[in-house]
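Me: Please take a close look at a single part of this structure. I should like one connected account, with the cut-off for each term stated where the term is used.

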Amino acid sequence: MSSMMQPQIILLKEGTDTSQGKAQLVSNINACSAVADVVRTTLGPRGMDKLIHDDKGGVTISNDGATIMKLLDIVHPAAKILGDIAKSQDSEVGDGTTTVVLLAAEFLKEAKPFIEDGVHPQNLIRSYRTASYLAIEKIRELAISIEGKSLEEKKSLLAKCAATTLSSKLIGGEKEFFAPMVVDAVVSIGDEDRLNMIGIKKVPGGTMRDSFLVNGVAFKKTFSYAGFEQQPKKFVNPKILLLNIELELKSEKENAEIRLSDPTQYQSIVDAEWNIIYDKLDKCAQSGAKIVLSRLAIGDLATQYFADRDIFCAGRVAEEDLQRVVAAAGGTVQTSVNNIIDEVLGTCELFEERQVGNERFNIFSGCPSGHTATIVLRGGADQFIEEAERSLHDAIMIVRRALKNSTVVAGGGAIDISRYLRHHARSIAGKSQLFINSYAKALEVIPRQLCDNAGFDATDVLNKLRQKHALASGEGAAYGVDINTGGIADSLANFVWEPAVVKVNAINAATEAACLILSVDETVKNPKSESAQGEAAASAMGGGRGRGRGRGMRRR
Ligand code: ADP
Ligand code: MG
């Protein structure tokens with residue numbers, strides 16, 4: 001440890017592993033490329049799906065970049081950033097998660113030869129930022145506004161956006177069926193910001209086409225006691241009472257202790273309990289409500305009581321569902337049954353209990369404030385419905401974004417042909433010209449990958465696209481990959497549309513991530529975190545020095 005001649009300065013704890021400089025940067029870039037290679041093949045309508053199973057035996061089949069990245073359980077510290085941007089893209093705009101990962105990795109890949117040649121990362125970073133700024137400006141310029149159109153027109157335009165999102169998913173075949181449903185759901189919640197106001201209920205069985213939209217709330221019949229079947233199951237314009245109290249006769253808890261001097265008093269205590277619950281039930285019935293929903297249990301006594309009075313009740317309603325009922329039917333959740341005034345009761349046009357597959361559903365439709373919608377999703381295998389739900393989520397987000405920002409751009413890689421950037425680069429003297437050109441080239445990864453995934457000759461298609469986009473008149477700017485013929489086509493005319501915000505956000509996030517990774521030239525790993533993160537982390541960190549497993553992921 002110690003040297004006789006020179007005292008050694010120990011700065012970091014023993015066992016600390018540091019690696020720095022160019023080698024570290026290149027190793028980080030390699031790890032990111034490895035991650036991108038995993039999701040690469042899922043891009044676009046002809047993309048493949050991934051089946052991921054975790055150590056608990058759960059199986060997920062997905063095409064969604066964010067879902068895959070989350071399940072991959074990446075341990076490489078730099079590559080983790082890609083997982084984070086996929087997540088942020090998912091929460092910001094909901095779609096374009098594969099796109100953002102591919103772009104970031106491609107920016108880095110283009111940067112790699114420069115780094116190896118000794119270019120200082122800061123020069124690259126500066127040029128990349130400029131390039132992204134220019135690219136986004138151009139997208140904004142090319143975007144088409146849907147503002148000022150009538151609702152019907154808007155709806156059909158939004159349905160096109162939803163269909164584009166869905167076309168790359170497992171349920172792509174049914175996009176014509178689901179796209180209008182998604183649009184109706186989003187339009188019906190209006191300005192409501194809470195996304196969970198659109199409920200998605202999954203009922204295995206049947207076919208996808210048995211799925212339906214409820215303009216209001218629907219939830220699975222809750223657990224019920226005897227007597228429930230005697231309750232009416234259909235009401236027109238009922239009043240709805242929402243509670244957060246238990247309507248149950250409490251049996252004594254084990255630790256309850258009652259001291260009685262006279263055995264006859266026992267009956268009075270039992271009576272008191274009965275009186276309390278009957279008092280509560282009377283008040284509920286007197287309120288005029290025909291439907292009683294509670295977040296807590298409604299016991300057998302109460303169920304029978306309500307049945308005798310032609311009132312419908314459901315206990316243990318999930319919080320989310322109850323919130324949706326509040327949003328749709330009005331009213332407020334009561335924590336006491338005293339003083340129930342009319343204003344706290346909700347209402348809807350029609351309530352009914354309906355059989356859906358093997359399940360029974362409580363459906364509230366025609367709600368006055370109507371800030372909710374529920375999609376009841378049918379289909380075969382569990383994994384299939386799960387993926388369908390994720391896909392619908394993407395589509396819902398996209399429609400919401402398009403509705404809010406109201407600009408769309410051509411999809412199919414049209415926006416990624418960056419003639420503008422290349423053109424601009426030529427006007428710059430100095431190294432920056434090369435960097436911006438590389439950035440422009442990296443953007444083309446989207447159309448290239450769309451072709452690769454569909455089995456087309458990417459070089460051929462890209463050459464055609466570049467030629468179209470170079471037309472002086474600018475009329476070719478909307479041309480993208482034609483997924484049906486293997487050639488090129490006007491994406492706008494083909495209704496392959498995406499909200500501009502998807503692209504803007506993807507480019508911003510990917511550039512930020514790439515710049516972040518480029519700005520890291522040293523990784524320090526202290527011994528403690530190593531033992532905490534386990535051996536997998538250690539080997540992944542050493543990826544560049546031959547110890548790692550090379551792909552930046554834990555081996556199964
Ligand atoms: P992401 O997770 O990034 O949304 P997707 O697998 O959904 O990835 O693929 C989206 C890409 O597929 C977008 O670039 C979009 O323009 C393109 N795309 C979607 N539908 C079509 C289509 N019908 N023809 C050509 N490209 C399409
Ligand atoms: Mg998508």
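Reply: **Ligand 1 and the helix contacts**

A backbone N or O atom of Gly412 is placed 2.6 Å from an oxygen atom of ligand 1. The model is predicted, with local features requiring pLDDT of at least 70 and side-chain atom pairs pLDDT 80 or more, while totals for chains, interfaces and linings use all residues. Residues are numbered from 1 along each chain as its sequence is written, chains are lettered from A and ligands numbered from 1 in the order written, and side-chain values use heavy atoms, without hydrogens or water.

Polar backbone atoms of two further glycines also approach oxygen atoms of ligand 1: Gly44 at 2.9 Å and Gly96 at 3.0 Å. The protein covers 95% of the 570 Å² of accessible area (Shrake-Rupley method, 1.4 Å probe) that ligand 1 has on its own. In total, 22 residues surround the ligand (a heavy atom within 4 Å), and the closest are Asp95, Thr98, Thr99, Ser168 and Gly412.

Turning to the helices (DSSP runs of H or I, at least four residues, numbered from the N terminus), α4 spans residues 97-116 and α3 residues 80-92. The axes of α3 and α4 (lines fitted to C-alpha atoms over the stretch in contact, with angles from 0 to 180 degrees between N-to-C directions) come within 8 Å and cross at roughly 145°. In their contact (heavy atoms within 4.5 Å), Leu82, Ile85, Ala86, Gln89 and Asp90 of α3 meet Thr97, Val100, Val101 and Ala104 of α4. These residues comprise 6 nonpolar, 2 polar and 1 charged.

Helix α4 also meets α5, residues 121-142, where the axes come within 10 Å and again cross at roughly 145°. Phe107, Glu110, Ala111, Phe114 and Ile115 of α4 contact Pro121, Leu124 and Tyr128 of α5.

Key: Helices (H or I, at least four residues) and strands (E, at least two) are DSSP runs, numbered from the N terminus. A polar contact is a pair of N or O atoms within 3.5 Å; within protein, one must be able to donate a hydrogen and the other to accept it, and residues adjacent in sequence count only if both atoms are side-chain atoms. Ala, Val, Leu, Ile, Met, Phe, Trp, Tyr, Cys and Pro count as nonpolar, Asp, Glu, Lys and Arg as charged, and the others, Gly among them, as polar.
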